Amino acid sequence: MRKMKKRYELLIYVFITLCSFVGLGLGVELAGGQLPLGSDLLFIILAGVIGGIGFPMLLSWFKRKQREPDMDERTFRMMKDYLLGAFVVVSLFSGVLLLVLVGIGYSTIELGLIAVYGGAIVILMTAGLFVVKRF
Amino acid sequence: MRVINRVRELRQQRSITQVKMAEDLAITRQTINAIEKGKYNPSLELALRMLAYFDVPMEQLFYLEEE
């Protein structure tokens, strides 16, 4: 029963992620392929942080009725190892990417591209953290 | 040298489920499973809590694999 519930939880997360991507696609489509700038971008980032981190944290706070904890010393250790590994991989990948870009003749990078790259890394690392936490 | 434990044996002798033990020791069921399979060595604190939980001396629960 518990396993079934976990499976549904995973499906819900997958559904929400898919909806986010559809929403992103729709947004880009409606905005005519232009990414938002200035205060609009700040608002979108804030909404993303609140919706993506604040809301799940609030949900887990209310879900704390079960006696078995969500995390323990092993989970923390695994997450620490994962974050350390991810930091090394991201650093190396960014360095290589930078070298390649310089190598093919780029001398400047758009701020928007860095924001997208940073956002993608945060999303991937957060998704990885959730996966690590479940093991 | 590997650390061998008799957690599963002692737990089954006392008819305690992994879920019950996880709740009593405030750890996750996955951690108990990992300890029982020898994939994870608990911290000294958790090991001492386990000793108190089963009420056995250290050498009865954890010992080093002889070469």
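Me: Before reading a helix pair here, what makes two residues count as being in contact?

Reply: Two residues are in contact if their C-beta atoms, placed from the backbone, lie within 7 Å. In this predicted model, that criterion has B:Gln18, B:Val19, B:Met21 and B:Ala22 of H2(B) meeting B:Arg29, B:Ile32 and B:Asn33 of H3(B). Sorted by class, the residues of this contact between H2(B) and H3(B) comprise 4 nonpolar, 2 polar and 1 charged.

Me: At what angle do the axes of those two helices cross?

Reply: Helix H2 (residues 18-25) of chain B and helix H3 (residues 29-36) of chain B have axes that come within 8 Å and cross at roughly 110 degrees. Angles of 65 to 115 degrees count as roughly perpendicular, and therefore H2(B) is roughly perpendicular to H3(B). As to handedness, the crossing in which H2(B) passes H3(B) is right-handed.

Me: Which elements surround this pair along the chain, in order from the N terminus?

Reply: Chain B holds 5 helices and 2 strands, and read from the N terminus its elements follow the order β-α-α-α-α-α-β. Among contacts in chain B with a separation of 6 or more, 59% join residues 24 or more positions apart. Of the 67 residues in chain B, 16% are buried.

Me: How many residues of each chain take part where chain A touches chain B?

Reply: An interface is often sized by the accessible area lost when the parts come together. Here the description is a count of residues instead, with 8 residues of chain A in contact with 13 residues of chain B. The side belonging to chain A consists of 2 nonpolar, 1 polar and 5 charged residues.

Note on methods. Residues are numbered from 1 along each chain as its sequence is written. Chains are lettered from A and ligands numbered from 1 in the order in which they are written. This is a predicted model: local features need pLDDT of at least 70, side-chain atom pairs count only at pLDDT 80 or more; totals for chains, interfaces and linings use all residues. Axes are lines fitted to C-alpha atoms, for helices over the stretch in contact, and angles run from 0 to 180 degrees between N-to-C directions. Helices (H or I, at least four residues) and strands (E, at least two) are DSSP runs, numbered from the N terminus. Angles under 35 degrees count as roughly parallel, over 145 as roughly antiparallel, 65 to 115 as roughly perpendicular and the rest as oblique. A crossing is left-handed if the near helix is turned anticlockwise from the far one by less than a right angle, and right-handed if clockwise. Ala, Val, Leu, Ile, Met, Phe, Trp, Tyr, Cys and Pro count as nonpolar, Asp, Glu, Lys and Arg as charged, and the others, Gly among them, as polar. A residue is buried if 20 or more other C-beta atoms lie within 10 Å of its own, exposed if 12 or fewer, and partly exposed in between; C-beta atoms are placed from the backbone.
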